[in-house]
Amino acid sequence: MARSINIYPTENSKISQVDFDNIPFGQVFSDHMFVADYIDGEWQNAEIKELAPFMVHPGNLAWHYGQSIFEGMKATAMADGTPLLMRPEKHIERLNASASRMCMPNFPEELFLEAIDKLVWLDRAWIPKEKGSALYIRPLLIAMDDALGVRPSETYKLLIFTLPVGPYYDKPVSLLAEDTYVRAAQGGVGEAKTAGNYAASLQPAKIAKEKGYDQIMWMDAKEFKYIQEVGTMNIFFVIDGKVVTPRLSGTILKGITRDSVIHILKSEGYEVIEKDLHIDEVVDAHKNGTLQEIFGTGTAAVVANVHKFAYENHDYDVDVDTYKISPLLKKYIEELRAGEREDKFGWIKMLGAEVLA
Ligand SMILES: *Cc1c(COP(=O)(O)O)cnc(C)c1O
C-alpha cells in the first residue's frame with residue numbers, strides 16, 4: 001500500500017486568507033483532502049488533492065437511509081513545528097467498528113494511517129501554533145449508491161479533510177439531565193459515530209438551550225436513572241477523591257479521550273471506577289458535600305468543566321474554582337500534544353518529511 005496514494009498538491013493555497021488568531025470553529029478548511037472509493041468490493045482511487053465539492057446523485061443512499069459515519073481527531077505541533085498525532089490507530093479502529101455496525105465496509109488500517117500522515121504533513125503549515133489549538137481531522141465514510149431501497153450500499157466514499165481550530169472555549173458548561181428524549185438504547189447504534197445520532201439530538205438540545213442549559217446529560221433509555229454521556233463528550237465525576245464514570249455498556253460512545261484520561265488518572269495514582277452510575281449517587285454526593293468535580297472529555301474540548309447540572313427541576317451547582325483533577329488532565333494532554341511531556345504510554349506519533357517519501 002505504501003505507494004498507493006496519488007498526491008496532487010494544489011497550486012492555489014488559501015492559507016494566506018486565514019487569520020490564525022481568530023478562527024471560527026468548523027468554518028475554515030485547509031487546502032487538501034484525501035479521497036478513496038469503494039467499488040467492486042475494493043478500496044481504490046486513493047488520492048490527496050485540493051479540497052473541493054463533488055457531485056452527488058439525488059438518490060444517494062447516505063442521504064436517504066443514513067449510512068454515514070465519521071471520526072474526529074487532532075494534529076498538533078511542537079514548538080519547532082513538528083506535527084504530532086495522538087493515538088491515530090484508535091480512530092481507525094473505531095471508524096471500522098462504526099462501519100461494521102452500519103453495514104459498511106471496513107477501511108484498511110495501514111492506508112488510513114498513511115493517508116492521515118501524508119495529509120497532515122502536506123498541510124502542516126495549517127496547524128495553529130497557539131497552545132490548545134490544533135488541526136482538527138475529520139474522516140467521513142458515506143454510501144455512494146444512487147438507487148433507492150433500504151439495503152446496504154455497494155459503493156462508498158471515504159474522505160478525510162482538516163480544519164484549523166483555535167483553543168476550545170474554556171467556559172464551564174451547565175447540563176440538563178434529560179427525562180424525555182433518549183440518545184441511545186440497548187441494542188441501538190449509540191456506540192457508532194453515525195450521523196443519525198447527532199440529528200436525533202438536535203431537537204432535545206434546542207429545548208435544553210431554551211431552558212437555559214448548555215448541553216444535555218443523556219440518561220439510560222429504560223429508567224432515565226443511569227447517566228450516559230454529554231453531547232459529544234463522555235462524563236466524569238469526582239466523588240470523595242475517587243473518579244467515577246459510566247461504564248461502556250453498549251449505549252455510550254467509546255471516547256478515546258475517555259480512555260486516555262482513565263490511563264492518565266490511574267498512572268497518577270487516582271482510583272477510577274467505571275460502573276452503571278445512578279443519578280441518585282451524584283445527587284446524594286452533592287447533598288453530603290462529597291461531589292468535587294464534574295467534567296466532560298472529548299477530542300474537541302479535551303476536558304470541559306461542568307459547573308451545574310439540573311435534575312427533576314433542581315439545579316445542582318459545583319464550584320469549578322476548586323477543581324484539581326480536571327485542570328491536571330487538560331494540562332497533561334495539552335503538554336503531551338505539544339511534545340512537552342514524556343510520552344510514557346507510547347501515544348504520540350511525530351511526523352517528518354519521510355511520510356511523503
Ligand atoms: C466523539 C464523541 C465522544 C468523544 O470521543 P473522543 O474519541 O474522546 O473524541 C463522546 N461522545 C459522543 C457522542 C461522541 O460523538
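Strands here are DSSP runs (E, at least two residues), numbered from the N terminus, as are helices (H or I, at least four). This is a predicted model: local features need pLDDT of at least 70, side-chain atom pairs count only at pLDDT 80 or more, and totals for chains, interfaces and linings use all residues. Residues are numbered from 1 along each chain as its sequence is written, and side-chain values use heavy atoms, with hydrogens and water left out.

**Stop one: T299.** Select the loop between strand 15 (291-298) and strand 16 (302-311); T299 lies there. T299 counts as buried because its relative accessibility is 19% (buried is under 20%, exposed over 50%, partly exposed in between; 1.4 Å probe, protein chains only).

Now show G72. Its backbone oxygen lies 3.5 Å from a polar atom of the T299 side chain.

**Stop two: the ligand.** Stay on T299. One of its polar side-chain atoms is 2.6 Å from a ligand oxygen atom. Add E229: a polar side-chain atom there lies 2.5 Å from a nitrogen atom of the ligand. Add I256, where a polar backbone atom is 2.8 Å from an oxygen atom of the ligand.

How much of the ligand's accessible area does the protein cover? The protein covers 98% of the 380 Å² that the ligand has on its own (Shrake-Rupley method, 1.4 Å probe).

**Stop three: the shell.** Select the 15 residues that surround the ligand (a heavy atom within 4 Å). The closest are K193, Y198, E229, T257 and T299. Colour the shell by class: four residues are nonpolar, seven polar and four charged. Gly counts as polar and Tyr as nonpolar in this scheme.

Key
Polar contact = N/O pair within 3.5 Å; in protein donor to acceptor, adjacent residues only side chain to side chain.
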